[in-house]
Amino acid sequence: MISRSPSTVDPLVSDLAQTGADVHGWCADASIEASLRTTIQNIMSQSGPPTHVFYNAVDPLPKGGALGVSPAALEDSLATNLTGALVTVQETIDPMREAG
């Protein structure tokens, strides 16, 4: 499980571990390509390729509509919502295919 901060991921890992799940927490910022790529690569080097990937990083679209949103705010939102998902797929799809 990857989250931006330990304060988010640690309680989730703890709750899931109590159910008997084999779960580990990692930190990365989905809006920063290098951070996410490195974290995914580190996870796979320690645990092997994932069998499932669920991407749920969400940065709400900036308020203001098309005429009021700043380009920087829109870029930040797109980095989390789209680029992070793309990077996740790029890093995991081939190892998952190879593993069957």
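**Reading charge, fold and burial in a predicted chain**

Q: How far apart are the mean positions of the positive and negative charges of the chain?

A: One compares the mean position of one set of charges with that of the other, and in this predicted model the mean positions of the 4 positive and 11 negative charges of the chain are 6 Å apart.

Q: Which pattern does the chain follow when it is read along the sequence?

A: The elements are listed in sequence order; here the chain has four helices and two strands, and they follow the pattern β-α-β-α-α-α.

Q: What box do the C-alpha atoms of the chain fill?

A: Taken along the principal axes, the box filled by the C-alpha atoms is roughly 50 × 30 × 20 Å.

Q: What share of the contacts between residues at least 6 apart in sequence joins residues at least 24 apart?

A: Among those contacts in the chain, 54% join residues at least 24 apart.

Q: How much area does the chain expose, and what share do carbon and sulfur atoms supply?

A: The chain exposes about 6800 Å², of which carbon and sulfur atoms supply 58%, while buried residues account for 22% of the 100 residues in the chain.

Q: Why does S3 count as buried?

A: A residue is called buried when its relative accessible area is under 20%, and S3 is buried because its relative accessible area is 14%. S3 lies in strand β1, which spans residues 2-3, and, leaving aside residues up to four places away in sequence, S3 touches T8, V9, W26, C27 and A28.

Definitions and conventions. Residues numbered from 1 in each chain as written. Predicted model: local features only at pLDDT ≥ 70, side-chain atom pairs only at ≥ 80, totals over all residues. Heavy atoms only, no water. Buried < 20%, exposed > 50% of the residue type's maximum accessible area, 1.4 Å probe, protein only. Contact = heavy atoms within 4.5 Å. Areas by Shrake-Rupley, 256 points an atom, 1.4 Å probe, with all protein chains shown as cover. Lys, Arg positive; Asp, Glu negative; His and termini not counted. Charge placed at Lys NZ, Arg CZ, Asp CG, Glu CD.
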